[in-house]
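These are my notes from going through the model, written down in the order in which I looked things up. I began with a single backbone angle and worked outwards from there.

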Amino acid sequence: MIKVEGLSKRYGRTLAVDNISFEVQKGQIVGFLGPNGAGKTTTMRILTCFLPPTSGSAQVAGYDVVDQPLEVKKRVGYLPENPPLYPEQDVEDYLTFVGKLKGLRSAELQARIDDACERCAIADVRGVIVGKLSKGYRQRVGLAQAIIHNPEVLVLDEPTSGLDPKQIIETRTLIKNLAGEHTIILSTHILPAVEQVCEQVIVINKGKLVTIDSLQNLMQRLQGAEMVVLEIAGSDGTLDAAEAQRRLELVSGVSRVALREAAQGSFTFEILGQPGRSLSTELGRVVLAAGWQLRQLRPAARNLEEVFLELTKAEKETGSGGDK
Amino acid sequence: MRNIWTIWRKELKIYFVSPIAYHLLAFTAVVFGFFFTVATAIFVSRGMQSMRMGTMMPMDVNEWVIRPLLMNISVIGLFVTPMISMRLFAEEKFSGTIELLMTSPVRDLEVILGKWLGALTLYASLLGVSAINLGLLFFYGQPDWKPILVGYLGLLLQGGCLLAIGAFISTMTRNQIVAALITFDLCLLLWVFDWVSSYETAAWARVMSYISVLTHFEPFAKGVLDSKDVLFYLTFIFLGLFLTARSLESLRWRA
C-alpha cells in the first residue's frame, strides 16, 4: 500500500530524511517512532504530497507522490501534528468544506459526515464553533477530517500529542477501530502509544532508519536489561550521595547507577541492570542492610532515548556479528 | 471549477464571521458617506452661488460630484486591500491549515483563484456600500448612469489587481501584519509613482507613471472605457496571480 525507496529530503544544509526505504502492507497499522526532529513529520509530509522528496521515490496506493499527486491525495487522509482547523467555522461547516475539497458531493457527503462524526464521537459538537472546542475535541475533529473521504491510507502525525490520558485512550481505541479498512501510518515519540496500537514499528533517528520490526520482536529486544528507580534517605538525614552511589554500583547485577534527584537528604537513583538480571530483590536487601530508608523502588518507565541507544547499539552488534 | 467555488464560499464565510468584513463595510460607509456629504454640499453651495450671481452656469452632477467621488473610492481601495488580502495565505500558513489545502486533491491554481475571488467579492461588497450613496443622487437628479458603471468596472479591476499583489505578498509570510504592511507599502507606491510625470517626461518617468495603478483608473472615472487600461489591469492581475502560484509552489520546496 505504501512503498518508500531511498527517500531523502534536504532542507538547505540539513538532511532531514536520509535514504529511507520501507513498505507497508494493506490494512496494517504502522508506528513511526522517533524523537523530535528524527524526520517523522518530513517523511509523512512527503507521503501526503505536501513536500516533494529531494531524491528517492514514494508510492502510495500504487501512485507516485511526485508524478501523480492528485491521485495520491484522493486516497490519503492526513492529520498533521496540529489539526488543520479554521477556528471561525463550526464543526459541520468545516467537515462539509473538507469533504467537498476531497471531492465528495451532496448525499454521499452528508452520509460521510454523519459517519465520521459518529466514529470520532463528535456528533454532540457538530454545531459548535471550532475555536471554542477543547483540545481533545479538536484532535477528534482533525481525525474526522482525515477519514471523511474514507481514504485507503491514513497518515496521522502525533495523533495523541497534547491530550489528557483519558483522551489518549479514546483516540487509541478509535485508531484501532479504523484499522482493517484503512492502512494507517502514525507517528509518535511515546512508546506506549505504539505498544497499544501498532503491529509493525518503524524506528527512525536523525533521518536514518534504525529498524523495522514487528512490535513483539522489538519488545523482546528491549526487555534485555531491567531498569529501576530507587529513592532512599539516610536514617538520620546524613546520607552522602556519592557514598550511596558507590555502594549501589557494587550490588551484583547492576551495570550503571545515575543520580537523578537530590532533595533534603533523600536521593533518587536510576539503576540499569545487566541483561537478564533481576534487580529489585538484591537492591532491597542492600538498602535495608545499609540502614537506609527505602522511599521507593519501582521499574523505570523507559524513555525513548534509551530505546534508541539500545536499538542503535543492537544494530551495531548484529552488524559486527555479535548476538545477544 | 467546483473546487474554486468551494474555496470561494469558505473564504467569504470566514470574512463574514470575523470582524474584518464588518469593520471594512462600516469603514467604507462612514468614510465614503463623509466624502459624499462634502461633495454634494460643495455642489449645492456652488449652485446657489452661481444662481445668486445670475450666471446660471450649467452644472453636471457626473462631472462635479461623481467623478471626484469615484477617484476617492479608488484611493480608499488602496487602504482597504491590504486589510482584505493580508490573511489570504499568511493565516493558513500560521494556523497550519495550508497543509490541509495542499494535501487535498485540489490544484494550487484552484486554491489561489478561490481565495482571490473571495477577497474580490468582499471588495465588491464595499463598492456596493459606496454605490448606495450614489444611488441617492438618482432621487434628486438625473445623473448619467453609464459613466458610473464604467467607473465601477474600473474600481473592480483596480481592486482585483491590488488584491492579486496582496495575495502574492501574503504567501511570503506567516505574519498577517507583515503581509498587510508590505502590501500597503506597494499600494501606496503604485499610487504615487504617477506624480513624477508632472515634472519629468523622460522614459523612466513614463514607465513609472505607466505602472501606477491610478493613472489607469482616471479614464474610468471619466466614464471612458479604454481597452488599453482594461488590458493593463488584466495583465497586472495575471502577473500577480502568477507570482502567487510560483510562490506557493516554492513553499513546497522551502517549507
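**Entry 1: after a helix of chain A**

I started at A:G103, which lies just after α3(A) and takes a positive phi of about 95 degrees. I keep in mind throughout that the model is predicted.

I then looked up how far the helix before it is covered, and found that 10 of the 11 residues of α3(A) are buried, so the helix is largely enclosed by the rest of the structure. The buried residues I listed for α3(A) include A:V91, A:D93, A:Y94 and A:F97, and A:K100 is also among them. What do the buried residues of α3(A) pack against? I found α4 (106-119) and α5 (135-147) of chain A, together with α1 (2-17) and α5 (97-102) of chain B.

**Entry 2: the contact between the chains**

Since chain B had come up, I turned to the contact, which takes 22 residues from chain A and 18 residues from chain B. On the side of chain A that touches chain B, α2 (69-75) and α3 (91-101) of chain A each supply at least two residues. I asked myself which element gives the most to that side of chain A; it is α3(A), with four residues. I sorted the residues on the side of chain A that touches chain B by type, and they divide into 14 nonpolar, three polar and five charged.

**Entry 3: a helix of chain B**

While in chain B, I checked helix α3 (residues 61-85), which has 25 residues and reaches 34 Å from its first C-alpha to its last, close to the 36 Å expected at 1.5 Å a residue. Where does α3(B) bend? I found a bend of about 35 degrees at B:F79, and noted that a proline, B:P82, follows within four residues.

**Entry 4: chain A as a whole**

I went back to chain A for an overview, and its secondary structure comes to 11 helices and 14 strands. Of the 324 residues in chain A, 39% are buried. Among the contacts in chain A with a separation of 6 or more, I noted that 68% are between residues 24 or more positions apart.

**Entry 5: the six-stranded sheet**

I traced an open sheet of six strands in chain A, with the order β6-β7-β8-β3-β9-β10 and mixed pairing. Its edge strands are β6 (76-79) and β10 (208-214) of chain A, each of which pairs on one side only. Neighbouring strands of this sheet are turned by 15 degrees against each other on average, direction ignored.

Starting from the β6 edge, I saw that β6(A) and β7(A) pair in the parallel sense over four bridges, with A:V76 standing opposite A:V153 in β7(A). Helix α5(A) packs on the sheet here, touching β6 and β7 of chain A, and its direction makes about 165 degrees with that of β6(A).

Next I looked at β8 (residues 183-188) of chain A, where six of its six residues are buried. Is one face of β8(A) covered, or are both? Both are: A:T183, A:I185 and A:S187 are buried on one side, and A:I184, A:L186 and A:T188 on the other. As for its partners, β7 (residues 153-157) of chain A pairs with β8(A) in the parallel sense over five bridges, and A:V155 has A:I185 as its bridge partner. Strand β3 (residues 29-33) of chain A also pairs with β8(A) in the parallel sense, over five bridges, and there the bridge partner of A:I29 is A:I184.

**Entry 6: the four-stranded sheet**

Last, I traced an open sheet of four strands in chain A, ordered β12-β13-β11-β14 with antiparallel pairing. I found β12 (254-263) and β14 (293-299) of chain A at the edges, each with a single partner strand, so one side of each is left without a neighbour in the sheet. The average turn between neighbouring strands of this sheet is 20 degrees, direction ignored.

I followed the pairing of β11 (residues 227-233) of chain A with β14(A), where six bridges join the antiparallel strands and A:L230 has A:L297 as its bridge partner. Helix α9 (residues 241-249) of chain A packs on the sheet, touching β11, β12 and β13 (266-273) of chain A, and its direction makes about 155 degrees with that of β12(A). Helix α10 (residues 280-290) of chain A also packs on the sheet, touching β11, β13 and β14 of chain A, with its direction at about 170 degrees to that of β14(A).

How values were computed: Residues numbered from 1 in each chain as written. Chains lettered and ligands numbered in written order. Predicted model: local features only at pLDDT ≥ 70, side-chain atom pairs only at ≥ 80, totals over all residues. Pairing = 2+ DSSP bridges. Axes fitted to C-alpha atoms, helices over the stretch in contact; angles between N-to-C directions. Contact = placed C-beta atoms within 7 Å. Nonpolar A, V, L, I, M, F, W, Y, C, P; charged D, E, K, R; others polar. Buried ≥ 20, exposed ≤ 12 C-beta atoms within 10 Å, placed from the backbone. Expected span 1.5 Å × (residues − 1). Bend = angle between axes of the 7 residues up to and from the residue.
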